[in-house]
Amino acid sequence: MQKRQLGPCVTYFPQPTSIITSIDQAGTANLMTASWVGIVSKTPPTMAVSLHKGRKTYENILQTKEFVVNMVPASLAVEADYCGIRSGHKEIKSEACGLSLEPAEQVKASLLVESPLNVECRFVQEVELGEYRLVMAEILQIHAAESAFDESGTMDVRRFDPLVYLGGVREYWDLGNKRAQAYTDGKRLVGGK
Ligand SMILES: Cc1cc2nc3c(=O)[nH]c(=O)nc-3n(C[C@H](O)[C@H](O)[C@H](O)COP(=O)(O)O)c2cc1C
């Protein structure tokens with residue numbers, strides 16, 4: 001495969017689209033879209049998010065040590081984009097984009113009602129990366145929409161309809177089709193192709 005070199009940049013996809021909900025010391029909630037988010041440990045369950053040090057969200061997390069990562073469904077692409085181009089330093093984004101919040105179980109930051117998957121997190125440590133801070137947090141609770149489970153109790157990913165972000169080309173897509181079963185279909189190649 002012939003390739004073109006892009007140099008040191010941030011073109012990489014797909015990425016999940018998440019809205020991080022946080023709260024400041026005065027109790028004001030904030031919503032911020034983030035794509036540099038992921039699970040980074042199973043034992044203990046740990047989430048990592050990379051935040052520019054100037055974000056209102058980062059300031060809130062430093063103050064309260066808690067936040068929620070909310071998976072964004074494809075139906076909320078425009079609202080997510082709004083939360084990624086406006087700052088809580090200047091406005092209350094939930095009012096502007098019409099999204100709703102409800103109390104979480106373990107943390108003071110709220111759950112995004114319209115998100116089918118909310119991850120409650122408590123700050124553990126951070127790593128300085130130039131202007132960014134890689135924040136690692138313990139996962140305290142995960143809420144998954146009841147409507148995403150089928151009769152046998154299996155999660156049906158189509159019902160979550162996650163919004164996929166393509167970093168570098170700056171596009172939002174939906175999920176597309178299932179191609180294989182993880183930890184299973186790769187076994188077909190044991191012994192060679
Ligand atoms: C699709 C998308 C993904 C983004 N991902 C991140 C990210 O992972 N980390 C980050 O610091 N900013 C990211 N941003 C930028 C912030 O969302 C943006 O600067 C926002 O205004 C910060 O909000 P706040 O100041 O209210 O926290 C992203 C923006 C978009 C549109």
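Contacts between residues 24 or more positions apart make up 63% of the chain's contacts with a separation of 6 or more. The model is predicted. Its chain holds four helices and twelve strands. The radius of gyration is 18 Å, close to the 16 Å from the globule rule for 193 residues, so the chain is as compact as a globular protein of that length.

**Overall dimensions and burial**

- The C-alpha trace spans about 60 × 50 × 35 Å along its principal axes.
- Of the 193 residues, 30% count as buried.

**Seven-stranded sheet**

- Seven strands make an open sheet in the order β3-β2-β6-β9-β10-β5-β4. Their pairing is antiparallel.
- The edges are β3 and β4 (37-41). Each has a single partner strand, so one side of each lacks a neighbour in the sheet.
- Neighbouring strands here are turned by 35° against each other on average, with direction ignored.
- Strand β5 pairs with β10 (residues 132-144) over seven bridges, in the antiparallel sense.
- Within that pair, Ser50 stands opposite Leu134 in β10.

**Helices on the sheet**

- Helix α1 lies across β2 (18-23), β3, β5, β6 (66-71), β9 (117-129) and β10. Its direction runs at about 50° to β2.
- Helix α2 also packs on the sheet, where it touches β2 and β3. The direction of α2 makes about 105° with that of β3.
- Which residues of α1 are buried? They are Lys56, Thr57, Tyr58, Asn60 and Ile61.
- What do these buried residues of α1 pack against? Their partners are β2, β3, β5, β6, β9 and β10.
- Lys65 comes just after α1 and takes a positive phi of about 65°.

**Ligand shell**

- How many residues surround the ligand? There are 21. The closest are Trp36, Thr57, Gly84, Ser87 and Gly88.
- Four elements give two or more residues each to this shell: β3 (29-34), β5 (46-52), α1 (56-64) and α2 (77-85).
- Strand β3 supplies the largest share, four residues.
- By residue class, the shell divides into six nonpolar, eleven polar and four charged.
- Thr57 links two of these topics. This residue is among the closest to the ligand, and it is also one of the buried residues of α1.
- Strand β3 recurs as well. This strand is an edge of the seven-stranded sheet, it is touched by α2, and it gives four residues to the ligand shell.
- Strand β5 has two roles here. It pairs with β10, and it is among the elements that give two or more residues to the shell.

**Three-stranded sheet**

- A separate listing covers an open sheet of three strands, in the order β1-β11-β12. The pairing is antiparallel here too.
- Which strands stand at the edges? They are β1 (12-16) and β12 (171-173). Each has a single partner strand, so one side of each is left without a neighbour in the sheet.
- The twist averages 30° from one strand to the next.
- Strands β1 and β11 (residues 164-167) pair over three bridges, in the antiparallel sense.
- Tyr12 stands opposite Gly167 in β11.

Definitions and conventions: Residues numbered from 1 in each chain as written. Predicted model: local features only at pLDDT ≥ 70, side-chain atom pairs only at ≥ 80, totals over all residues. Pairing = 2+ DSSP bridges. Axes fitted to C-alpha atoms, helices over the stretch in contact; angles between N-to-C directions. Rg over C-alpha atoms; globule rule 2.2 N^0.38 Å. Buried ≥ 20, exposed ≤ 12 C-beta atoms within 10 Å, placed from the backbone. Contact = placed C-beta atoms within 7 Å. Near = placed C-beta within 6 Å. Nonpolar A, V, L, I, M, F, W, Y, C, P; charged D, E, K, R; others polar.
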